[in-house]
Amino acid sequence: MLISYTNNNNNNNNNNNNNWHIPPPPYIHRGGTTTSTSLHLSEFEKDYSKYTNTDDDETDAKSQFGTKSYWDAMYEGMGDFSSEEYSWYYGFEVIQPYLEKYTRPSDGNVASNDKAEFNILIPGCGNDPLLLDMYNAGYRKLTGFDYSQGAIDRQFDLLNYLVQTSSGSDVSSVELRVEDARSLPQEWNERFDVIIEKGALDAIYLSGDGNFEKSVKELTRVLRRGGICISCSGVVPADLRREGFCTEDWEWLRDGTDDLKAGCFVLKKR
Ligand SMILES: C[S@@+](CC[C@H](N)C(=O)[O-])C[C@H]1O[C@@H](n2cnc3c(N)ncnc32)[C@H](O)[C@@H]1O
């Protein structure tokens, strides 16, 4: 198997064997259509009750975007973000200049001079082709996770498509996992040099009180000291972000509050 593919939910579906065949998705980079002030409410959301199995964990959600059943349904092909790939807010082309600027070896924010050696975590990766774009830009040690199995299946499809269409591509250094940001594996302690989250903390904030704080705590734990977190976010209230990424623990290298689209915040763990 080319991609390390872990499902800690132990769902017994056929995605864990080696012979599932994936029709290659068209590799079309679609821009997100949301603005910085709100994740837009879709037609799907109006009809959403058809697909929901609201459980106890979802009763505090501020919006459907904060429920797992919404995302599960989405990645099963329902709703208007159901294309094979979808990039919220913007793509790697916006993030890349900041990533390059703040991971210069001379700044000491990353442990290696070689970007192929940076250990990078992408929380709540959804079906965003960010991992693919980063792989194509020379980043290799990429770990993507999402709490929705369907998102991880989509990522698997996207990476498999790269392998099928681009000779010599070996994505064995890419790890895809089903994980919940509120409780990450213990063995990830201080493992990562860089975290790039886009829209994940927004969805987590919308899932209810306390979940944003829990997730930021976990992301802080898995980032090594001096590591960089790039947070692309348009929904988390400014005061909550300031509290979560408090200046005691984080140096704010870039404040994205005034960005036109979702803000691109760059933070360094002290
Ligand atoms: C707005 S989408 C962003 C997807 C992708 N990062 C992008 O930029 O296109 C939010 C993603 O976060 C995931 N998510 C929400 N809560 C999560 C949690 N507690 N743990 C892991 N993933 C979560 C959802 O399943 C969804 O894929």
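**Ligand shell and buried loops in a predicted model**

Glutamate 190 lies in the loop that runs between strand 4 (174-178) and strand 5 (192-198) (helices, H or I, need at least four residues and strands, E, at least two; both are DSSP runs numbered from the N terminus). This is a predicted model, in which local features need pLDDT of at least 70 and side-chain atom pairs pLDDT 80 or more, while totals for chains, interfaces and linings use all residues. Residues are numbered from 1 along each chain as its sequence is written, and side-chain values use heavy atoms, with hydrogens and water left out.

Back at glutamate 190, the backbone does something a bit odd: phi is positive, about 50 degrees, although the residue is not a glycine. Most residues other than glycine have a negative phi. Glutamate 190 counts as partly exposed because its relative accessibility is 42% (buried is under 20% relative accessible area, exposed over 50%, partly exposed in between, with a 1.4 Å probe and protein chains only). Tyrosine 89 is another non-glycine residue with a positive phi, here near 70 degrees. Tyrosine 89 sits in the loop between helix 2 and helix 3 (92-102), and with a relative accessible area of 1% it is buried. Next up in that loop between helix 2 and helix 3 is tyrosine 90, which is buried too, at 8% relative accessible area. Its C-alpha atom is 9.0 Å from that of cysteine 232, although 142 residues along the chain separate tyrosine 90 from cysteine 232.

The ligand has 20 residues around it, and the nearest of them are Tyr75, Trp88, Gly124, Asp146 and Lys198 (near means a heavy atom within 4 Å). The polar contacts (N or O atom pairs within 3.5 Å) involve both backbone and side-chain atoms of the protein. On the backbone side, an N or O atom of lysine 198 comes to 2.7 Å from a ligand nitrogen, and one of tryptophan 88 lies 2.9 Å from a ligand oxygen. From the side chain of aspartate 128, an N or O atom is 3.4 Å from an oxygen atom of the ligand. As for cover, the protein takes up 98% of the 590 Å² of accessible area that the ligand has on its own (Shrake-Rupley method, 1.4 Å probe). Helix 2 (68-75), strand 3 (142-146) and helix 6 (200-206) are the elements that give two or more residues to the shell. Of these, helix 6 brings the largest share, with three residues. By residue type, the shell splits into 11 nonpolar, four polar and five charged residues (charged being Asp, Glu, Lys and Arg, and Gly counting as polar).

Helix 2 itself is largely enclosed by the rest of the structure, because six of its eight residues are buried. The buried set is Ser69, Tyr70, Trp71, Ala73, Met74 and Tyr75. Tryptophan 71, part of helix 2, is buried at 10% relative accessibility. The C-alpha atoms of tryptophan 71 and aspartate 146 are 9.9 Å apart, with these positions 75 residues apart along the chain. Just after helix 2, glycine 77 takes a positive phi of about 105 degrees.

Strand 3, which also contributes to the ligand shell, holds threonine 143. Threonine 143 counts as buried, with 4% relative accessibility, and its C-alpha atom is 8.3 Å from that of proline 123, 20 residues away in sequence. A second threonine, at position 103, belongs to the loop between helix 3 and strand 2 (120-122). Threonine 103 is likewise buried, at 5% relative accessibility. Its side chain reaches the backbone oxygen of leucine 99 at 2.5 Å.

Further along the chain, glycine 234 is found in the loop between strand 6 (223-233) and helix 8 (238-244). With a relative accessible area of 15%, glycine 234 is buried. The C-alpha atom of alanine 262 lies 4.2 Å from that of glycine 234, although the two residues are 28 apart along the chain.

Notes:
A polar contact is a pair of N or O atoms within 3.5 Å; within protein, one must be able to donate a hydrogen and the other to accept it, and residues adjacent in sequence count only if both atoms are side-chain atoms.
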